[in-house]
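These are my notebook entries on a structure that I looked up. I kept each entry short.

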Amino acid sequence: HEPWPGNCVRDHPGMIQVFLGHSGVRDVEGNELPHLVYVSREKRPGFEHHKKAGAMNALIRVSSVLSNAPYLLNVDCDHYINNSKALREAMCFMMDPTSGKKVCYVQFPQRFDGIDRHDRYSNRNVVFFDINMKGLDGIQGPIYVGTGCVFRRQALYGFDAPITKKPPGKTCNCLPKWCCCLCCCSRKNKKTKQKKDKTKKSKQREASKQIHALENIEGISESNTLKSSEASQVKLEKKFGQSPVFVASTLLEDGGIPQNASPASLLSEAIQVISCGYEDKTEWGKEVGWIYGSVTEDILTGFKMHCHGWRSVYCIPKRPAFKGSAPINLSDRLHQVLRWALGSVEIFLSRHCPIWYGYGGGLKWLERFSYINSVVYPWTSIPLLVYCTLPAICLLTGKFIVPEISNYASLIFMALFISIAATGILEMQWGGVGIDDWWRNEQFWVIGGVSSHLFALFQGLLKVLAGVSTSFTVTSKAADDGEFSELYLFKWTSLLIPPTTLLVINIIGVVVGISDAINNGYDSWGPLFGRLFFAFWVIIHLYPFLKGLLGKQDRMPTIILVWSILLASILTLMWVRINPFVSKDGPVLEVCGLNCDD
């Protein structure tokens, strides 16, 4: 066994190693084993490789040349198959005789191992996978989340979804007579129009027949057919690249490879389609395959398929189909959310933004709104940061966050609040989500909103508008041994600064507000409770973040530590205010026998 040519990750030729090929290897039960091929695409300095999206496009082309199966399974390297029968369930959707032809992919929910019981940082994303994605399944299908997905190969090639035939029209046996007359009259008019069209078409066909007869006489027809076939071949090569084997495979809807093709010729063709310059001047990454232009290529790829009229399906088997690992410590989790939010900002500032892209295609309006929501949410970090800062400002300045409103306006406010709460309760009941998971999701939405989403917004603006790429480093500080030790691993990153600042100013605001109420007397306690409510609301939402900062507390729980500091500050201020050792009439001056006037 010779070593692989080149061991440099960023500079090496294309490499393919076939472990199981066409040799007909079978298992103990006599079933033929599937092909097992290792692919490493060519990488050279000076070429843009497009990270995961470029790797997936290279795998599409290699698999099309070597096997050309009509369906593809996408699973990330940190996931594994937990339920082999889930693939059969995906095939049931794909091969459904009524609506299966329009299904571009079947998405499975993500499930994770190694997450602590309380799921402090909402790694499971239960609200998204069990409520939001279920709701999208009733419109045009869920969005593609990057892993755990079975694709139809034809949909990845940028083809439009097949047009479904409309059901036959109803007869007028059950309608009134006057309606039947109108229907019959309209049908007669349509029939006359159709007859006229048929006569016109027949005349055109006769004329074309005469022209074809003349062409046959002059020997021109063969050259025209050759020119048309050459033109279509050139058009396909501009779209898919210069590989004739791959271009021919894209036209086979049911897959398969030529019977007379030798394995050696197919391998040489596969090496060609993973070269660095194969995608130059083609539509790869633009209209074909995984779409380039964002670090979250999964959203763009699914969005383009839905714009072509395809629909997706959400499949939730009882036994999870796939399981994977998730970052469970605070810093890694924030950086994961930062990458997702940065991709959404890049899409928002690109031509593929769902606000203005894809009109006139097959994308439904409600599905468009879901995609708009998936790219707009990082912008909510700005008002969220303001809302988390205002309670502390109100406590420090003595002004209230909510102005005085009329009774009618207060009724409207209460009605909106109750409707939002009722909607959340109905969603939890429908999706089978517990109150703990819902509350963890709400907490981390605030934590991620004032840190990762905010940084992603500025980083995306700098990258797209100014061309400046920035990165945030993560530095490990300490780790504890034992179960879920990574949960307590502290890594310093600049993403921790905004939530820490909000926590500090709100805690200081609570202390200052209570001290002012103690100094000003009984009348100032009434307005204070409203200000304290909003400040405590912010602190409670940021509580998991505070636990992540303090790390593992073996002897003293975090909540006791926080409340101890808070109560100690309040009691100290009260002691200064009361001061039992000082007389109410002021200090008593004893006569010392000295004349101070002298």
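Entry 1, salt bridges. I found Asp11, Glu42 and Arg44 linked in a network of salt bridges; a salt bridge is a side-chain nitrogen of Lys or Arg within 4 Å of a carboxyl oxygen of Asp or Glu. The model is predicted: local features need pLDDT of at least 70, side-chain atom pairs count only at pLDDT 80 or more, and totals for chains, interfaces and linings use all residues. Residues are numbered from 1 along each chain as its sequence is written, and side-chain values use heavy atoms, with hydrogens and water left out.

Within the network, I noted 2.8 Å between the closest N and O atoms of Arg44 and Asp11. This pair links distant parts of the chain, 33 residues apart: Arg44 is in the loop between strand E2 (36-40) and H1, and Asp11 is in the segment before strand E1 (15-20). Helices (H or I, at least four residues) and strands (E, at least two) are DSSP runs, numbered from the N terminus. Arg44 counts as partly exposed at 28% relative accessibility, and Asp11 is partly exposed at 31%. Buried means under 20% relative accessible area, exposed over 50%, and partly exposed in between (1.4 Å probe, protein chains only).

A search of the whole structure gave me 12 salt bridges. Among them, Arg111 pairs with Asp130, the closest N and O atoms being 3.0 Å apart. Arg111 is in strand E6 (residues 111-113) and Asp130 in helix H3 (residues 126-137). Asp130 is buried, with a relative accessible area of 12%.

I also looked up Asp113, which forms a salt bridge with Lys323 at 3.6 Å between the closest N and O atoms. The two lie 210 residues apart, Asp113 in strand E6 and Lys323 in strand E9 (residues 322-325). Asp113 counts as partly exposed at 32% relative accessibility, as does Lys323 at 21%.

Entry 2, helix H12. I checked the span of H12 (residues 381-397): its 17 residues should cover 24 Å at 1.5 Å a residue, and its end C-alpha atoms are 24 Å apart, which agrees. The expected span is 1.5 Å times one less than the number of residues. A kink of about 30° lies at Thr389, shortly before Pro391; the bend is the angle between axes fitted to the seven residues ending there and the seven starting there. The buried residues of H12 include Leu384, Cys388 and Pro391. Just after H12, I noted a positive phi of about 85° at Gly398.
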